[in-house]
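Student: I have a model open and would like to go through some of its labels with you. Could we check each one against its rule?

Tutor: Happily; let's look at it together.

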Amino acid sequence: MSPTAAQHSDGLTVADLVVTYPGRPPVEAVRGVSLTIAPGETVALLGPSGCGKSSLLGAVVGTIAPAAGNITWGDEELTRTPVHRRGFGMVFQDGQLFPHMDVARNIAFGLRMAGVDRDERDRHVKELLALVGLEGLGARAVGELSGGQRQRVALARSLAPRPRLLALDEPLSSLDAELRRRLAVEVREILRAAGTTALLVTHDPAEAETMATRVRRMADGKLI
Amino acid sequence: MTSRAATVRTRRSALSLLRWWAVAAAPLVFLGLFFLFPVGSVLARGLLEDADAGAALAVLAEPRTRSAIATTLGLALAGTLGSLALGLPAAWALGRFAWRGRALMRAALTTPFVLPTIVVAAAFSALFSRSGVLGSWGLDQTPAAIVLALVFFNVSVVVRIVGGAWESLPPGRALAARTLGASRARAFAEVTLPSLAPALASAAAVVFLFCTTSFALVLILGGSRVNTIETEIYIQVNQFLDLRAASVLALVQVVIVAAALAISARAGRARGLTSSVGRLRAPRPLERWGVAGALLPAVLLLLAPLTALVERSLRVSGGHGFAHYAALFTTPERGVLPVAVWQAAVNSLVTAAVAMLIAGVVALFVMSLIARRSRRGALLEAIAMLPLGVSAVVVGLGLLLTLNRSVLGIDLRASWWLVPIAQAIVALPLMLRMLVPAARAIEPRLRDAAATLGAPPWRVALHVDAALLRPTAAASLAFAFAIALGEFGATAFVARPDRPTLTTAIARLLSRPGPENVGLAFAASVMLALIVASVMLISERWRRFEGSGL
């Protein structure tokens, strides 16, 4: 880890990260990427599909084990920390809402894991529903939601436990163009309002421009 | 750096490998002791006893054996063709159109599948035996009666597999062919039929498999005239006490069933059908006649034996009444049964409950180990599914022949425990067939989503895996209970004569002359059918799990 990174009290530092997938020969999806994100910043990783940006995101969040390199938050070494103890949230491409829970229970899930009591949870869920513009839809089954509503719920769900970093993996790519433009602005405002540090992966330059404070391009497993 | 990470990962995976085998030990010991060892030693006895393979060949050369093998294959082939002939039109009518009463019709046509074979045997016996409703047709103790019973049973398999595939075909696919200039018939021949081919092949193979393992049907309906390998095994054991011949026959049976299973597995693998979002349309006026005509034969075949069964269970000298049902509560005269039928029913329920618990525990172990695909998982899955590839008769024979002495200090000689254990072995693969696809269908990224929200692994297992699997698990337990209740092939070998189950009691009553015994058998069959059908209904209701499409 570089000494300059250690001077920051907070923020994400990725150093020399390598992600390989087994196979013959093994596939190097991420080939030595270093990146820092300051608190409150939204960084977009922009690149074509297959450039390794989702693998990088997975390694940061902890769903993919890196072959080499380090991930730290401030002074905290996180490379071997299991996903659920990193305090990082994630919005998945297709939402990945829990099909057996209604909207409110989906949003409350992270709060339950954190041991927040029921009243506090209910209050917080209400706030988040308002934040993403879905007031009163708490009792809806997730199967009854439109694509845009689903991604709003996914965003609210990942924001609920107040993650110190929010990873967004192509959060709008399953939506149609018009909705995507509108939601991109909304998501930016929501992230600003919550003061969340975010790492966004997308292949859409306009979306990266709209949502991020800084855009990094990625190709063939490396930042350029 | 890289090497350190690699070492850590190797150590971690070695630990998880160790843990995997430690958990796998439980189901493996169970299957080893009560399935692999008994069946293995039966087969070994057939091949190798006295180090004399010539004697095994001598058994094969006997006319009795040859005729049993030919009958088995012939009946299975006829049964498969008949099931397709009646099942395909029904699958079309149910899978292609939406109409009022469709759900009810589908439920009705798939009922036979869940009926115990002994009940179906009793129903066809009620229909075709000399004093039966259609006794004048002279089909008593003929292969034709058995084939009809096989078709009765397996139409539901065709309707389930092919009808389901038909329903999930995107209707746009055939329409696309039509817009490209194909006539209705060509669109069917070139688009719809090839899309259905894997399901058709799979259905045919499964039906063939079921036809070769329909012990109770042949035993009851064939009488002394028609013998398959399974009934021949039973006769060799119970009448001629020739365990050698039984073992050789068991070997042949295993080979035939394994071949059918291999074909069905291969056919099943090709089934990669996307489920459609489109809705089925109502049939047009002319098509409505087609739908009715397509369903009529299957419905007639469904209703005739069941009606006959109910009628015969109510037939008493000089009219109809409930005398046979009343007799369920008294011990039959002249020692036909040592206990009253209701006591056999209680014994059945208790045994089936124990079998369900055993199979459930083993299935949960196995499922948790094989849900994530791996080579060692495939091995365990193959072992756990193996009872499906060995007919229940062979399982029962194996338990009877090997556990007649104390094994590893456990003495199960003529023990009541052998019955639920045998039933659990039979039910296990069927449970896994329900559970494992459901476990594998859980989107792995849902687990990631839960983990990123702060859920540790045990809470992911609880809130995602267990929560999503609960309905299927409950349904599969009920299914196992129903299988165990209706199990006859293995039970017939291990149930003690003084503690009959409902199925062995029915078989015994049917084999005895006298209208009293037969009437009692029919009443007992109606009772068993009602119990099993209601358990299956509950299972089906539980199975529909919520929001599986997300």
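Tutor: Let's start in chain A of this predicted model. A:Glu170 sits in the loop between β7 (165-169) and α6 (177-194) of chain A.

Student: Why is A:Glu170 called buried?

Tutor: The cut-off for buried is under 20% relative accessible area. A:Glu170 has 8%, so the label buried applies.

Student: What makes the backbone of A:Glu170 worth a remark?

Tutor: Its phi is positive, about 45°, although A:Glu170 is not a glycine. Most residues other than glycine have a negative phi.

Student: Where is A:Asp16, which also has a positive phi without being a glycine?

Tutor: A:Asp16 belongs to strand β1 (residues 12-21) of chain A, and its phi is about 50°.

Student: Is A:Asp16 buried or exposed, and how do you know?

Tutor: Exposed requires over 50%. The relative accessibility of A:Asp16 is 53%, therefore A:Asp16 counts as exposed.

Student: Let's turn to the two chains. What makes the pair B:Arg445 and A:Asp169 a salt bridge?

Tutor: The rule asks for a side-chain nitrogen of Lys or Arg within 4 Å of a carboxyl oxygen of Asp or Glu. Here the N to O distance is 3.8 Å, so the pair fits the rule. The count between chain A and chain B is one salt bridge.

Student: Which elements give two or more residues to the side of chain A that touches chain B?

Tutor: They are β4 (68-73), β6 (88-91), α3 (103-113) and α5 (147-159) of chain A. The largest share, four residues, comes from α3(A).

Student: How much area is buried between chain A and chain B?

Tutor: About 2,600 Å², with carbon and sulfur atoms giving 65% of it. In chain A, the residues that lose the most area to chain B are A:His84, A:His100 and A:Met113, together 25% of what that side buries.

Student: On to chain B. How do you know that the length of helix α12 (residues 285-314) agrees with its residue count?

Tutor: At 1.5 Å a residue, its 30 residues should span 44 Å, and the end C-alpha atoms are 41 Å apart, which agrees. There is also a kink of about 35° at B:Leu296 in α12(B), shortly before the proline B:Pro297.

Student: And why is B:Ile220 called buried?

Tutor: B:Ile220 lies in helix α9 (residues 215-221) of chain B. Its relative accessible area is 18%, so B:Ile220 is buried by the cut-off of under 20%. Among the residues B:Ile220 touches are B:Ile118, B:Ala121 and B:Leu510.

How values were computed. Residues are numbered from 1 along each chain as its sequence is written. Chains are lettered from A and ligands numbered from 1 in the order in which they are written. This is a predicted model: local features need pLDDT of at least 70, side-chain atom pairs count only at pLDDT 80 or more; totals for chains, interfaces and linings use all residues. Side-chain values use heavy atoms; hydrogens and water are left out. Buried means under 20% relative accessible area, exposed over 50%, partly exposed in between (1.4 Å probe, protein chains only). Contact means heavy atoms within 4.5 Å. The expected span of a helix is 1.5 Å times one less than its number of residues. The bend at a residue is the angle between axes fitted to the seven residues ending there and the seven starting there. Buried area is the accessible area (1.4 Å probe) that two parts lose on being put together, summed over both. Lists of a residue's contacts leave out its neighbours within four places in sequence.
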